[in-house]
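Please look over the sequence and the model below before reading on. The paragraphs that follow go through selected parts of the fold.

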Amino acid sequence: LLDQKGKTCVSIILPLHNLTIDQKADKIHLEKAVEEVCEELNNNYPEASKKIVSSLHNLQQQVKFNRNDEGIGIYASEELSFYTTFPFFVSENLLVDTCFRIRELLMREQYAIAYNILYVDAKEIRLFTGKLKQLQEIRNGEFPMIYEDEYEYQPSSRTTSYAGES
């Protein structure tokens, strides 16, 4: 993203509302934001607008909304285009400038700390590693670990009526 500095860059940051199951309101909001940015590109940056407008419309069609996401970011320049979602609230920001707005991306990276999950039940132990919404099971010589023996660590014992008295 930093390599694009000095070129025409579009950043569309939108909050998601999750008001309906199909998120129709968010789709309409995204469509209006893209149209607003495309109009600004055509008026103020005609030399770069054709390729960027095409990229924005392609990204708009590719966007998959998830009810757990609280925001979306669409980034496009003449050489680069992608979208990402945010697991935290974002403020609406439509920017056509000579660099991308990366504040939300940096904050997303702070949330993207790798973590491990150890799953333990009566018959097995499994280990998972994750980052944001991606979870992957670790399978090696150690995991998953299966309990094969039914071993009772401390058998029950009988007591007398005097147990616990000194």
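**Strands, salt bridges and cysteines**

In strand 7, E137 is the bridge partner of F128. The model is a predicted one, and this pair is a starting point for looking at the strands around it. Strand 7 covers residues 134-138 and runs antiparallel to strand 6, with 5 bridges joining the two. Another facing pair here is L127 and I138, the latter in strand 7. Strand 6 and strand 7 form a hairpin with 2 residues between them. In that turn, L132 has a positive phi of about 55 degrees.

Strand 6, residues 124-131, also pairs with strand 5, residues 115-120. This pairing is antiparallel and has 6 bridges. V120 stands opposite I125 of strand 6. A hairpin of 3 residues leads from strand 5 to strand 6. Strand 6 pairs with strand 8 as well, again in the antiparallel sense, over 2 bridges. Strand 8 consists of residues 145-146, and its M145 lies opposite I125.

Now turn to the side chains. Which residue forms a salt bridge with R126? The partner is E137, and the closest N and O atoms are 3.1 Å apart. The pair links distant parts of the chain, since R126 is in strand 6 and E137 is in strand 7, 11 residues apart. R126 is partly exposed, with a relative accessible area of 24%. E137 is also partly exposed, at 21%. E137 meets a further side chain, that of R139, in a salt bridge with an N to O distance of 3.4 Å. R139 counts as exposed, at 61% relative accessibility. Together, E124, R126, E137 and R139 are linked in a network of salt bridges.

Strand 7 also holds L135, which joins Y115 and I117 in a nonpolar surface patch of about 250 Å². L135 can take part in such a patch because its relative accessibility is 49%, which counts as partly exposed, and patch residues need over 30%.

The structure has 5 salt bridges. One of them is between K7 and E79, with the closest N and O atoms 2.9 Å apart. This pair also links distant parts of the chain: K7 is in the segment before strand 1, E79 is in the loop between strand 2 and strand 3, and 72 residues separate them. K7 is partly exposed at 32% relative accessibility, whereas E79 is exposed, with 57%.

The loop between strand 2 and strand 3 also contains S77. Is S77 buried or exposed? At 1% relative accessibility, S77 counts as buried. Beyond its neighbours within four places in sequence, S77 is in contact with Q4, T8, C9, I52 and F100. S77 and D97 are 20 residues apart in sequence, and their C-alpha atoms are 10.0 Å apart in space.

C9, one of the contacts of S77, leads to a last point. A disulfide is a covalent bond between the sulfur atoms of two cysteines. How many disulfides does the structure hold? The count is 0. The cysteine sulfur closest to that of C9 belongs to C99, at 6.7 Å, so the two are too far apart for a bond. The cut-off for a disulfide is 2.5 Å. Seen from C99, the closest cysteine sulfur is that of C9. C9 is buried, with 0% relative accessibility, while C99 is partly exposed, with a relative accessible area of 28%.

How values were computed
Residues numbered from 1 in each chain as written. Predicted model: local features only at pLDDT ≥ 70, side-chain atom pairs only at ≥ 80, totals over all residues. Heavy atoms only, no water. Pairing = 2+ DSSP bridges. Helix = DSSP H or I, 4+ residues; strand = E, 2+ residues; numbered from the N terminus. Buried < 20%, exposed > 50% of the residue type's maximum accessible area, 1.4 Å probe, protein only. Patch = residues over 30% accessible without salt bridge, like charges linked within 9 Å, V, L, I, M, F, W, Y side chains within 5 Å. Areas by Shrake-Rupley, 256 points an atom, 1.4 Å probe, with all protein chains shown as cover. Salt bridge = Lys/Arg side-chain N within 4 Å of Asp/Glu carboxyl O. Contact = heavy atoms within 4.5 Å.
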